[in-house]
Each structure stands twice: as structure tokens, then as C-alpha cells.
Amino acid sequence: MHVIICAGGPQEEVATRDVLLSFNDAIFIGADHGTIYLLEHGITPHMAVGDFDSLSDAEWARVTDAVPNIERHAPEKDETDTELAILRALEMQPDRITLIGATGGRLDHYAANLHLVYRLQKATPNCHICMMNKTNELSFLFPGTTELPYDDRYQYVSFFAFGSDVPDVTLRGVAYETTAELVTMGTTRFTSNEVISPNATVTFSQSALLMIRSND
């Protein structure tokens, strides 16, 4: 199962309708104002979650009229609307969660979403969680060997140490291969590589890598 969550970031950051509908049998969840974005794309979400304090009265009426399952929370809460939506998605035990509408706009919201995805991905290794906008896809990798998707939508792939230095990084099937290299915090050396083989992999033994695939 694939769950797509639309958060309320700037609408210009949201993936296009064609991309959203290209995922077979996906279930959609709207997080707060992201519910309106989905409806404006002609997509009725399975569920809407949040405090909905960013919606006008007309927009709230539209949500209540269209969405079959609505979970409304008080604005004073510990979790963000996006976190609540991801937690509801995880209850469905999906294989994959894609978060859209979570980049751009306020940098504190972007930073919160980045660390949220890291924490929940680490806690649920059997579900792949990623963030996507019109030109990028972001995800976290943990120790072991991970296959790197060969995808025409993303020409470039970059890796960043997240939290601490990452030793023993071996890249295969990319334009610039490495063997047991150290990825240090703050380095730009592993930026703008390219996947050139359908059998490309990244292998490392400790810590976590932030992987960003881009086409812009």
C-alpha cells in the first residue's frame, strides 16, 4: 500500500496531478490546508487530519462536504498536523509513504518535517518514507546496502551525513563511484552524482545518510 500525504506548504511546491495519479492504488490523506490542494487537483482524499485553522469558512465547508473521514484537533497540541497525518498513515501499515507539500515556505516547517521523517523512518524501517516536490525527492538511508532507483525523472543524486559522520560509504553504478569513503558533516563532496546503472547501490555501516534526488 502507498499512502500520499499532502501537507499545507506552498502550493507551487506540490507535485503535479499527473505525478500524483501515476502511483497505482495510492491512498491520499490531507494534512490541514493540504486537503484543499488535493481537492483542487481533482483528488478526494481518504482522510483529512489537522486543526484546520488555516482554512476559511468556505474551505472548511468544502472539506466537510467532500472528505469521508475527518479528524479535527484543537490548535493547542504537541504534534504538527503533518505528524498526525503520518501517524495515521502508519496505522494502515503501508509499504510506502510519500509526503508532498512539506518543502518550501517557512524554513522552520521544512526543518520540522525533515527531522520528523528521519525519526519516523528510523522507527519504521519496513515502510519507506520520502518527501517530494515538483523537482526533488528526499529520503533517509540507514546502515546496509540500498539499491538506488534508476529513474529518468531524477538526473542527480546527492548524499549528506545526517546527525554524525558516515564512514565506509561505497557507491556503485553511479558516475562517481567511491569505496569505503567517509562522508563528514557539512561536506559538499557527495553532491550532484548521477545514477548510471539499474543496479546502482550505496553501502555503509554506521549512522544515516540523507539522500536527495533532483531533476532541476
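**Pockets, a helix and some rings**

Me: Which strands each supply at least two residues of the lining of the second largest pocket?
Reply: Strand E7, strand E8 (144-147) and strand E13 (209-214) each do so. Keep in mind that this is a predicted model.

Me: Which of them gives the largest share?
Reply: E7, with four residues. In total, 18 residues line that pocket, and those nearest its centre are His128, Ser139, Phe140, Leu141 and Thr146.

Me: What volume does it have, and what classes of residue line it?
Reply: The volume is about 330 Å³. The lining is made up of eight nonpolar, four polar and six charged residues.

Me: And the largest pocket, how much space lies in it?
Reply: About 500 Å³. Its lining has 26 residues, and Gly8, Thr80, Asp81, Thr82 and His109 are the closest to the centre. By class, seven are nonpolar, twelve polar and seven charged.

Me: Which helices each supply at least two residues there?
Reply: H4 and H5. The largest share, four residues, is from H5.

Me: Let's stay with H4. How many of its residues are buried?
Reply: Nine of the eleven, so to speak a mostly covered helix, spanning residues 81-91. Among the buried ones are Asp81 and Thr82, which also appear in the group closest to the centre of the largest pocket.

Me: What do the buried residues of H4 pack against?
Reply: Five strands are on the list by name: E1 (2-6), E2 (26-31), E3 (47-50), E4 (70-72) and E5 (96-100), together with helix H5 (107-123).

Me: Take Ala85 in H4. Is that residue buried or exposed?
Reply: Ala85 is buried, because its relative accessibility is 0% and the cut-off for buried is under 20%.

Me: Which residues is Ala85 in contact with, leaving aside neighbours within four places in sequence?
Reply: Ile5, Ile29, Ala31 and Val49. Ile5 is 80 residues away along the chain, yet the two C-alpha atoms are separated by 7.0 Å.

Me: What follows H4?
Reply: Gln93, which has a positive phi, near 55 degrees.

Me: New topic. How many aromatic pairs does a search of the whole structure find?
Reply: Five. One of them is Phe52 with Trp60, a tilted pair whose centres are 5.0 Å apart, with 45 degrees between the planes.

Me: Are those two buried or exposed?
Reply: Phe52 is buried at 2% relative accessibility. Trp60 is partly exposed, at 22%. Arg72 also lies over the face of Trp60, 4.1 Å from the ring centre.

Me: Why is the pair of Phe140 and Phe162 edge-to-face?
Reply: Because their planes are at 70 degrees, and an angle over 60 counts as edge-to-face. The ring centres are 4.7 Å apart.

Me: Where do those two sit in the chain?
Reply: Phe140 is in strand E7 (residues 136-141), and Phe162 is in the loop between strand E9 (156-161) and strand E10 (166-172). They are 22 residues apart, so the pair links distant parts of the chain. Phe140 is buried at 4% relative accessibility, and Phe162 is buried at 13%.

Me: Which residues do ring pairs link into a cluster?
Reply: Tyr118, Phe140, Phe142 and Phe162.

Me: Last one. Where is Thr201 found, and what is it in contact with?
Reply: Thr201 is in strand E12 (residues 201-204). Neighbours within four places aside, its contacts include Thr145, Thr146, Leu171 and Arg172. Thr201 is buried, with a relative accessible area of 17%.

Note on methods:
Residues are numbered from 1 along each chain as its sequence is written. This is a predicted model: local features need pLDDT of at least 70, side-chain atom pairs count only at pLDDT 80 or more; totals for chains, interfaces and linings use all residues. Side-chain values use heavy atoms; hydrogens and water are left out. Buried means under 20% relative accessible area, exposed over 50%, partly exposed in between (1.4 Å probe, protein chains only). Contact means heavy atoms within 4.5 Å. Rings of Phe, Tyr and Trp (its six-membered ring) pair if their centres lie within 6.5 Å; planes under 30 degrees apart count as stacked, over 60 as edge-to-face and the rest as tilted. A charge sits over a ring if NZ of Lys or CZ of Arg is within 6 Å of the ring centre and within 35 degrees of the ring normal. On a 1 Å grid over the protein atoms alone, a cavity is a set of points where a 1.4 Å probe fits but cannot get out, and a pocket is an open set with protein on both sides within 12 Å along at least five of seven lines; lining residues have an atom within 4 Å of a point. Grid points are joined across faces, edges and corners, and a volume is the space filled by probe spheres set on the points. Ala, Val, Leu, Ile, Met, Phe, Trp, Tyr, Cys and Pro count as nonpolar, Asp, Glu, Lys and Arg as charged, and the others, Gly among them, as polar.
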